[in-house]
Structures are given as C-alpha cells and as structure tokens.
Amino acid sequence: MPLIVYEANHTIMIPEETLLKHQAIRVSFEENEVIFSENKRADFYFQIQTGGVKMYNLNENGKEFVQGIFYDGESFGEPPLFGDFKYPASASTISKTTLFKIGKKNFFELLKVNFDLHLHITSTLSNRLRYKSMILNEISVHPPEHRIVAFIDFLKQKEGITTKYKLDLTRQQIANLTGLRVETIIRACKQLEQDGEIEIIKHKIYR
C-alpha cells in the first residue's frame, strides 16, 4: 500500500537566495523524467522551484505505488541525507520542472549557519511522518469510499482550500495514490456521488 505525503499550507522550504549563496544550481527536467532511483546513494538536497515531483516504488509486476507528491517550494528525499542511507523510493517529474540542487556537504553547511531553517526542515519532516501515520491508518482499516474522501480532504488541507475543491487527477492517478484498483475507484466514486459526499462534473471530482 502507498504512503501519501501531503503538507498542509506548504511554503518555500529554503529561500532561493540562501540556496544560491551555498552553491545550489538550477536543473530543468521534462515531464516524466527520473531525478533519482530507488537504492541509489543520496548526495544532494532537492527543492522544487516550479513544477511537480512524485516519489514512488514499483513492485515486481511493475505496479506503481506513489509515496508522495511535491510542488513549488517544497523539498523531497531529505531523510537519506540525514540518515546516510540509500533512497527508499524513486523520484520523477509529473510536469515540466525546475529544481534547485545542492551537494550534501554544502547543504549541511547551510543548516549549520541557519538554525531557523534547520528547525523548519525538522518540523516539516516531523509533519510528514505524522501524515504518513494518518494515511497508513486510512488505507489499512477503512473501505474504499472512506479512503477516497480522506485523500481528497488531505489535498484540500495541503492547499489551504476551504471551499469546493476540484481534484485534478485521473482515476488511474487516484488509484496509484490510494492503493486501489481503477475499477474500485470508479465504483466508489459513483457511490460517493450518490451519498452526496462528492460531485462529478465532466468527469472531474469536486468536494
């Protein structure tokens, strides 16, 4: 089952000028390009300037399990830098993306002289662990309809939206993010629409 990471009201992790001061470089990717692969050594800190990135695993049958999706200003893949272990998942772009990339040594120097940023990153990583725990509970003990509603609500919280929210994902993407089959997603969404939990307008889901 996937563990889905979403940060509420995401903000820029490290200011761009601070990254550049510590020798970060900008790297551009097309959609669906791999940034790093599972089991590779972690040598860099990555932060998104524009675009989107997913972290995922593939099982032996090639089925994709998405661990998290990250957007402008967010960083990803930091735990292996701090823990000195290999990446537990791969990362690739979901749209045209520009990243800031900074070497491990320079990244640690940045944190040493910017304690407030160090604290901010620690807080963010702690919140990600909390969300993983919450999502693990959702996908392990609740029926599909509950998983889908919880998933949408997490996205709404991440974006800070309190009004009607448009889920701009395909049924296949929702399946990858919730560990459900596409057929189950379609059936559950029809039931949720009947129950008044969501609206489906021109094949898009609203809540």
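## Helix packing, buried residues and unusual backbone angles

Helix α6 is largely enclosed by the rest of the structure, because 6 of its 8 residues are buried. The model looked at here is a predicted one. The buried residues of α6 are Arg171, Ile174, Ala175, Asn176, Leu177 and Thr178. Right after α6 comes glycine 179, which has a positive phi, near 75°.

What does α6 pack against? Two packed helices are described by the angle between their axes and the distance between the axes. For α6 (residues 171-178) and α7 (residues 182-194), the axes come within 8 Å and cross at roughly 105°. That makes α6 roughly perpendicular to α7, since angles of 65 to 115 degrees fall into that class. On the α6 side, the contact is made by Arg171, Gln172, Ile174, Ala175 and Thr178, and on the α7 side by Val182, Ile185 and Ile186. Sorted by class, this contact of α6 with α7 has 5 nonpolar, 2 polar and 1 charged residues. Several names turn up in both lists for α6: Arg171, Ile174, Ala175 and Thr178 are buried, and they also take part in the contact with α7.

Helix α7 also packs against α5, with the two axes 9 Å apart and an angle of about 80° between them. This angle makes α5 roughly perpendicular to α7. Here α5 brings in Pro144, Glu145, Ile148 and Val149, while α7 supplies Thr184, Ile185, Ala188, Cys189, Gln191 and Leu192. The class count for α5 with α7 is 7 nonpolar, 2 polar and 1 charged residues. One residue of α7, Ile185, is listed in the contact with α5 and in the contact with α6.

Staying with α5 for a moment, this helix (residues 144-159) is home to arginine 147. Is arginine 147 buried or exposed? Its relative accessibility is 12%, so arginine 147 counts as buried, the cut-off for buried being under 20%. A polar atom of the arginine 147 side chain lies 3.5 Å from the backbone oxygen of histidine 142.

Just past α7, in the loop between α7 and β10 (199-201), sits isoleucine 198. With a relative accessible area of 4%, isoleucine 198 is buried. Which residues does isoleucine 198 contact, leaving aside its neighbours within four places in sequence? The list is Ile152, Cys189, Leu192, Glu193, Ile205, Tyr206 and Arg207. Two of these, Cys189 and Leu192, also belong to the α7 side of the contact with α5. On the α5 side of that contact is Ile148. Isoleucine 198 and isoleucine 148 are 50 residues apart in sequence, and their C-alpha atoms are 10.0 Å apart in space.

Moving to another part of the chain, asparagine 57 is found in strand β4 (residues 52-58). Asparagine 57 has a relative accessible area of 14% and is therefore buried. What does the side chain of asparagine 57 reach? One partner is the side chain of glutamine 67, in a polar contact at 2.4 Å. Another is the backbone oxygen of proline 88, which the asparagine 57 side chain reaches at 2.8 Å. Not counting residues up to four places away in sequence, asparagine 57 touches Glu38, Lys63, Glu64, Phe65, Gln67, Pro88 and Ala89.A couple of backbone angles also stand out. Most residues other than glycine have a negative phi, and most peptide bonds are trans. Asparagine 32 has a phi near 70°, a positive value in a residue other than glycine. Asparagine 32 is located in the loop between β1 (25-29) and β2 (34-36), and its relative accessible area of 54% makes it exposed. Histidine 203 is not a glycine either, yet has a positive phi of about 70°. The loop between β10 and β11 (204-206) holds histidine 203, which counts as exposed at 68% relative accessibility.

Finally, the overall layout. The domain assignment of the protein gives domain 1 (16-116) and domain 2 (142-206). How far apart do the C-alpha centres of domain 1 and domain 2 lie? They lie 27 Å apart. The contact between the domains takes 7 residues from domain 1 and 4 residues from domain 2.

Conventions:
Residues are numbered from 1 along each chain as its sequence is written. Side-chain values use heavy atoms; hydrogens and water are left out. Axes are lines fitted to C-alpha atoms, for helices over the stretch in contact, and angles run from 0 to 180 degrees between N-to-C directions. Helices (H or I, at least four residues) and strands (E, at least two) are DSSP runs, numbered from the N terminus. Angles under 35 degrees count as roughly parallel, over 145 as roughly antiparallel, 65 to 115 as roughly perpendicular and the rest as oblique. Contact means heavy atoms within 4.5 Å. Ala, Val, Leu, Ile, Met, Phe, Trp, Tyr, Cys and Pro count as nonpolar, Asp, Glu, Lys and Arg as charged, and the others, Gly among them, as polar. Buried means under 20% relative accessible area, exposed over 50%, partly exposed in between (1.4 Å probe, protein chains only). A polar contact is a pair of N or O atoms within 3.5 Å; within protein, one must be able to donate a hydrogen and the other to accept it, and residues adjacent in sequence count only if both atoms are side-chain atoms. Domain bounds come from an automatic or database domain assignment.
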